[in-house]
Amino acid sequence: MKITICRKAHFNAAHRLANLNWSKQKNLKVFGKCSYDNYHGHNYELIVKLKGDIDPETGMVMDLSILKKIIKKEVEDLLDHKNLNLDIPHFKNLIPSTENLAVFIWNNLRRAISDEYEISIVLYETPRNYIEYSG
């Protein structure tokens with residue numbers, strides 16, 4: 001029987017949405033205030049979902065304390081209180097939109113979590129704007 005377990009996490013990070021090949025005016029037209037030169041920040045909320053079989057010996061899909069440690073290492077320690085554009089090499093030439101950030105987070109988690117589990121994430125940029133990604 002497959003069941004999904006979920007763990008919430010959060011981190012704070014700054015970013016700037018801008019295509020460096022465009023003029024300042026075009027970036028402002030497409031990205032609005034999110035393209036301002038001095039960046040802006042978000043209090044991101046993350047939900048990590050793991051789908052798998054219940055282990056008959058433990059009654060769990062995965063010990064949530066293990067999942068907590070993985071999320072801390074692969075997401076929170078890496079991204080919390082960082083400028084995504086400047087501090088995270090992955091975003092040197094990639095716009096750190098919430099969509100691209102969700103893919104980045106999912107890939108980090110996928111490398112750290114056994115393939116026996118299906119992984120999906122929900123990443124909230126604001127309480128009303130969020131992304132769902134499952135690889």
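Student: Why is Leu 46 called buried?
Tutor: Start with the value. In this predicted model, Leu 46 has a relative accessible area of 1%. Buried means under 20%. The value of 1% falls under that cut-off, so Leu 46 counts as buried.

Student: Where is Leu 46 found?
Tutor: Leu 46 is in strand β2. The strand spans residues 40–53.

Student: How far apart are the C-alpha atoms of Leu 46 and Leu 123?
Tutor: They are separated by 4.6 Å. Along the chain, Leu 46 and Leu 123 are 77 residues apart.

Student: How do you know that Ala 13 is buried?
Tutor: By the cut-off again. Ala 13 has a relative accessible area of 6%. That is under 20%, so Ala 13 is buried. Ala 13 lies in strand β1.

Student: How far apart are Ala 13 and Leu 50 in sequence and in space?
Tutor: In sequence, 37 residues. In space, 25 Å from C-alpha to C-alpha.

Student: What percentage of the protein chain counts as buried?
Tutor: Of its 135 residues, 37%.

Student: Which elements make up the chain, and in what order do they run?
Tutor: There are four helices and five strands. From the N terminus, the order is β-α-β-α-β-α-α-β-β. The C-alpha atoms fill a box of roughly 60 × 25 × 25 Å along the principal axes.

Student: Now the charges. What makes Lys 2 and Asp 53 a salt bridge?
Tutor: Distance and atom type. A side-chain nitrogen of Lys or Arg must be within 4 Å of a carboxyl oxygen of Asp or Glu. The closest N and O atoms of Lys 2 and Asp 53 are 3.7 Å apart. That is within 4 Å, so the pair qualifies. This salt bridge links distant parts of the chain. Lys 2 sits in strand β1 (residues 2–15) and Asp 53 in strand β2, 51 residues apart.

Student: Why is Lys 2 called partly exposed?
Tutor: Partly exposed runs between the buried limit of 20% and the exposed limit of 50%. Lys 2 has 45% relative accessibility, so it falls in between. Asp 53, at 43%, is partly exposed too.

Student: How do you know that Asp 77 and Lys 72 meet in a salt bridge?
Tutor: Their N to O distance is 2.7 Å. The limit is 4 Å, so the pair passes. Asp 77 is partly exposed at 45%. Lys 72 is partly exposed at 42%.

Student: Which class does each partner of the Arg 110 and Asp 115 salt bridge fall in, buried or exposed?
Tutor: Arg 110 has a relative accessible area of 19%. That is under 20%, so Arg 110 is buried. Asp 115 has 68%. That is over 50%, so Asp 115 is exposed. The closest N and O atoms of this pair are 3.6 Å apart. Elsewhere, salt bridges that share partners join Arg 16, Lys 24 and Asp 37 into one network.

Student: How many salt bridges does the structure hold?
Tutor: Five.

Student: What makes Ile 54 eligible for a nonpolar surface patch?
Tutor: A patch residue needs over 30% relative accessible area and no salt bridge. Ile 54 is at 34%, so it clears the area cut-off. At that value, Ile 54 counts as partly exposed. Met 1, Ile 3 and Ile 54 make a patch of about 300 Å². Ile 54 is in the loop between β2 and α2 (64–79).

Student: What is notable about the phi of Tyr 39?
Tutor: Tyr 39 has a positive phi of about 70° although it is not a glycine. Tyr 39 is in the loop between α1 (24–31) and β2. At 28%, it counts as partly exposed.

Student: Why is His 81 called exposed?
Tutor: His 81 has a relative accessible area of 61%. Exposed means over 50%, so His 81 qualifies. His 81 also has a positive phi, about 60°, without being a glycine. His 81 lies in the loop between α2 and β3 (82–83).

Student: What is the volume of the largest pocket?
Tutor: About 220 Å³. It is lined by 14 residues, and the closest to its centre are Ala 18, Leu 20, Asn 85, Phe 91 and Lys 92. By class, the lining has eight nonpolar, four polar and two charged residues.

Methods:
Residues numbered from 1 in each chain as written. Predicted model: local features only at pLDDT ≥ 70, side-chain atom pairs only at ≥ 80, totals over all residues. Heavy atoms only, no water. 1 Å grid on protein atoms, 1.4 Å probe; cavity = no way out; pocket = protein on both sides within 12 Å on 5 of 7 lines; lining within 4 Å. Points joined across faces, edges and corners; volume = space filled by probe spheres on them. Nonpolar A, V, L, I, M, F, W, Y, C, P; charged D, E, K, R; others polar. Patch = residues over 30% accessible without salt bridge, like charges linked within 9 Å, V, L, I, M, F, W, Y side chains within 5 Å. Areas by Shrake-Rupley, 256 points an atom, 1.4 Å probe, with all protein chains shown as cover. Helix = DSSP H or I, 4+ residues; strand = E, 2+ residues; numbered from the N terminus. Buried < 20%, exposed > 50% of the residue type's maximum accessible area, 1.4 Å probe, protein only.
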